[in-house]
Amino acid sequence: MKICRKYGVYTSLCGQAGSTLDYAELLVKLGIDSISVNVDAIELVRETVTRMEKKLLLDKIRKL
């Protein structure tokens with residue numbers, strides 16, 4: 001995803017893998033732009049993504 005970001009390529013994942021919380025967390029760490037999830041997983045994945053984004057931001061701030 002680093003190469004995609006370097007060249008301005010939008011990255012997304014569609015399929016059941018994005019509905020798995022551990023995989024969604026990994027995708028956020030890797031810098032994915034969007035994740036398509038099953039309807040029954042939306043709330044949990046949204047919470048997971050939010051938590052990971054906050055953690056990544058705090059880690060970045062702490063390194064300053």
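**Salt bridges and burial around helix α2**

Modeller: Let's start with E25 and K29, which both lie in helix α2, four residues apart, about one turn of the helix. Bear in mind that this is a predicted model.

Colleague: Happy to. What makes the meeting of the E25 and K29 side chains a salt bridge?

Modeller: Their N to O distance is 3.8 Å. The cut-off is within 4 Å, so the pair qualifies. E25 and K29 also belong to a network of salt bridges with R51.

Colleague: Why is E25 called partly exposed?

Modeller: Its relative accessibility is 22%. Buried means under 20% and exposed means over 50%, so E25 falls in between.

Colleague: How do you know that the buried residues of α2 line one face of the helix?

Modeller: The buried residues in α2 (residues 21-30) are A24, L27 and V28. Looking down the axis of α2, you find them within an arc of 100°, so they share one face. Their cover includes β1 (12-13), β2 (34-35) and α3 (42-62).

Colleague: And what is L30, buried, partly exposed or exposed?

Modeller: L30, also in helix α2, has 48% relative accessibility. Exposed would need over 50%, so L30 counts as partly exposed. With M1, Y23 and L26, L30 makes a nonpolar surface patch of about 340 Å².

Colleague: Let's move to the loop between β1 and α2, where S19 is placed. Why does S19 count as buried?

Modeller: S19 is at 15% relative accessibility, and the limit is under 20%, so buried is the right word. Leaving aside residues up to four places away in sequence, S19 touches V37, N38, A41 and V45.

Colleague: What makes the approach of the S19 side chain to the backbone nitrogen of N38 a polar contact?

Modeller: A polar atom of that side chain lies 2.7 Å from the nitrogen, and the distance limit is within 3.5 Å.

Colleague: C14 is found in that loop between β1 and α2 too. Why is C14 called exposed?

Modeller: C14 has 68% relative accessibility, and the threshold is over 50%, so C14 counts as exposed.

Colleague: One more, in helix α3. How do you know that D59 forms a salt bridge with K55?

Modeller: Their closest N and O atoms are 2.9 Å apart, and the limit is within 4 Å. D59 and K55 are four residues apart in α3, which means about one helical turn between them. D59 also meets R62 in a salt bridge, at 3.8 Å.

Methods. Residues are numbered from 1 along each chain as its sequence is written. This is a predicted model: local features need pLDDT of at least 70, side-chain atom pairs count only at pLDDT 80 or more; totals for chains, interfaces and linings use all residues. Side-chain values use heavy atoms; hydrogens and water are left out. Buried means under 20% relative accessible area, exposed over 50%, partly exposed in between (1.4 Å probe, protein chains only). Helices (H or I, at least four residues) and strands (E, at least two) are DSSP runs, numbered from the N terminus. The arc is that of the directions from the helix axis to the C-beta atoms. Contact means heavy atoms within 4.5 Å. Patches are made of residues with over 30% relative accessible area and no salt bridge: like charges are joined within 9 Å, nonpolar side chains (Val, Leu, Ile, Met, Phe, Trp, Tyr) within 5 Å. Accessible areas come from the Shrake-Rupley method with a 1.4 Å probe; for residues, only the protein chains shown count as cover. A polar contact is a pair of N or O atoms within 3.5 Å; within protein, one must be able to donate a hydrogen and the other to accept it, and residues adjacent in sequence count only if both atoms are side-chain atoms.
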